[in-house]
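I'm opening a new page in my notebook for a structure I haven't looked at before. I'll jot down what I looked up, one entry at a time.

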Amino acid sequence: MLNHSQPLIDTHLHLIYRDKFDYAWTDGIPALAEGNFSVNDYLSLMDSQRLEQTIFMEAAVNDLFVKEETRFALSLAEEPNNKIAGVIASCRPENSDSIFDEWLAETKESKVVGFRRILHTEADELSTRQAFRNNINKIGLQGKTFDLCMLEKQLPFAIELAKACDNTQMILNHCGIPDIATGDFNHWARHISQLALLPHVNCKISGVIAYCPAGESNADTLRPYIEHCVASFGWDRLLWGSDWPVCNLANGISDWVNIFNQFLAQENAETQDKVSRQNAIRVYSLR
């Protein structure tokens with residue numbers, strides 16, 4: 001039975017501070033288009049006794065603000081009450097070596113534990129460029145991670161990128177963004193199984209409630225997807241993330257935590273601890 005006091009590390013917390021930065025991608029999304037989604041807002045929604053730490057995930061600010069967002073998140077992480085143990089910074093591996101190296105150098109001795117380049121909004125060929133892959137490998141040489149954010153249809157490109165960058169710990173976001181509403185489960189499942197064969201790739205159980213058909217964001221809908229990730233990656237390479245506030249596109253963070261609790265309920269305490277916190281500590285080298 002699930003221990004509801006089981007400490008939890010949220011590995012995928014977005015924060016939106018619209019009074020500081022611009023987020024063009026939220027335009028036209030009523031649940032996200034207005035106001036701030038601050039760390040205090042988030043903490044007010046979570047069980048303070050259970051939430052041990054969080055990892056800030058870059059929130060796709062407009063390009064002009066990429067570095068400023070990271071610096072701001074690092075300043076929030078200096079306040080212990082915010083429970084931010086690490087920052088996953090936005091990066092542009094397609095940039096020239098000098099620009100990319102400068103960003104790596106700036107963030108090296110900080111709470112930046114990893115990087116992400118959102119690829120589902122970009123041309124598929126971006127991740128096939130050798131310069132892009134060389135820069136991803138530099139992330140691994142620095143002992144930091146790279147979060148893979150790609151659509152189901154891009155999973156073959158994710159596999160090839162991961163094979164080319166096998167010195168870098170990678171974390172697949174949102175179970176590979178399955179097209180739950182209209183997609184082919186077998187197509188998604190086959191590529192997840194292939195990606196899981198690469199031992200340096202991990203999978204984040206996050207975000208999937210936003211991809212369910214309208215009115216069907218529930219445990220029954222998600223069960224085959226999460227169970228396939230468990231079967232493919234095993235409990236040792238799974239992490240949990242809230243994807244707040246994007247989870248508001250479904251039924252919100254409380255509902256997502258409850259669904260996660262249901263999937264863990266029948267597992268033993270050791271397994272619960274792995275997915276809830278220990279895997280995150282290991283993968284992201286949390287201090």
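My entries below go from the sheet to the pocket and cavities, and then to a few single residues.

**Entry 1: the kind of model**

A note to myself before anything else: this is a predicted model.

**Entry 2: the sheet**

I started with the strands. In what order do the strands sit in the sheet? I found 8 strands in an open sheet, and the order is β1-β2-β3-β4-β5-β6-β7-β8. The pairing is parallel. I was reminded that strands of a sheet pair through backbone hydrogen bonds, either parallel or antiparallel.

Next I checked the ends of the row. β1 (8-13) and β8 (238-240) each have a single partner strand, so one side of each is left without a neighbour in the sheet. I also looked up the twist, which averages 25° from one strand to the next.

**Entry 3: a closer look at β1**

I wanted to see how β1 is held to its partner. It's joined to strand β2 (residues 51-57) by 4 bridges, and the two run parallel. I picked out two of the facing residues: Leu8 has Leu51 of β2 as its bridge partner, and Leu13 stands opposite Phe56 in β2.

Is β1, an edge strand, enclosed or left open by the rest of the structure? It turns out that 6 of the 6 residues of β1 are buried, so the strand is largely enclosed by the rest of the structure.

**Entry 4: helix α9 and Arg277**

I then asked what lies across the sheet. Helix α9 (residues 269-283) lies across β1, β2, β5 (145-149), β6 (170-172), β7 (201-205) and β8. Against β8 the helix runs at about 110°.

I picked Arg277 from this helix for a check. Its relative accessible area is 16%, and the cut-off for buried is under 20%, so Arg277 counts as buried. Leaving out residues up to four places away in sequence, I listed what Arg277 touches: Gln6, Pro7, Ile9 and Glu52.

**Entry 5: Thr145**

Thr145 lies in strand β5. I looked up its accessibility and got 1%, which makes Thr145 buried. Its contacts, again without residues up to four places away in sequence, make a long list for my notes: Val113, Gly114, Phe115, Ile139, Thr168, Gln169, Ile171, Val283 and Tyr284.

**Entry 6: the largest pocket**

Now for the open spaces. The largest pocket has a volume of about 540 Å³. It is lined by 27 residues, and those closest to its centre are Trp25, Ala60, Ile118, His120 and Thr121.

Which element gives the most to this lining? I found that it's strand β4 (residues 112-118), with 3 residues. As for the make-up of the pocket lining, I noted 14 nonpolar, 6 polar and 7 charged residues.

**Entry 7: the cavities**

I also counted closed spaces, and there are 2 cavities of 30 Å³ or more.

The largest cavity has a volume of about 60 Å³. Around it I found Ile205, Ile226, Val230, Trp235, Leu238, Phe260, Phe263, Leu264 and Val275. α7 (219-233) and α8 each supply at least two residues of this lining, and the largest share, 3 residues, comes from α8. The lining has 9 nonpolar residues, no polar ones and no charged ones.

The second largest cavity holds about 50 Å³ of space. Its lining is made of Leu15, Tyr17, Phe21, Tyr23, Phe56, Glu69, Phe72, Ala73 and Leu76. Helix α2 (residues 66-77) gives the largest share here, 4 residues. I noted 8 nonpolar residues, no polar ones and 1 charged one.

**Entry 8: backbone oddities**

Last, I went through the backbone. For comparison, most residues other than glycine have a negative phi, and most peptide bonds are trans.

In the loop between β8 and α8 (253-264) I found Pro245. A cis peptide bond joins Trp244 and Pro245, with omega at about 5°. Asp243 is found in the loop between β8 and α8 too. Asp243 isn't a glycine, yet its phi is positive at about 60°. Asp243 is buried, at 2% relative accessible area.

Ser285, in the segment after α9, isn't a glycine either and has a positive phi of about 50°. Is Ser285 buried or partly exposed? At 46% relative accessibility, I put Ser285 down as partly exposed.

Technical notes: Residues are numbered from 1 along each chain as its sequence is written. This is a predicted model: local features need pLDDT of at least 70, side-chain atom pairs count only at pLDDT 80 or more; totals for chains, interfaces and linings use all residues. Side-chain values use heavy atoms; hydrogens and water are left out. On a 1 Å grid over the protein atoms alone, a cavity is a set of points where a 1.4 Å probe fits but cannot get out, and a pocket is an open set with protein on both sides within 12 Å along at least five of seven lines; lining residues have an atom within 4 Å of a point. Grid points are joined across faces, edges and corners, and a volume is the space filled by probe spheres set on the points. Ala, Val, Leu, Ile, Met, Phe, Trp, Tyr, Cys and Pro count as nonpolar, Asp, Glu, Lys and Arg as charged, and the others, Gly among them, as polar. Two strands pair if DSSP finds at least two bridges between them. Axes are lines fitted to C-alpha atoms, for helices over the stretch in contact, and angles run from 0 to 180 degrees between N-to-C directions. Contact means heavy atoms within 4.5 Å. Buried means under 20% relative accessible area, exposed over 50%, partly exposed in between (1.4 Å probe, protein chains only).
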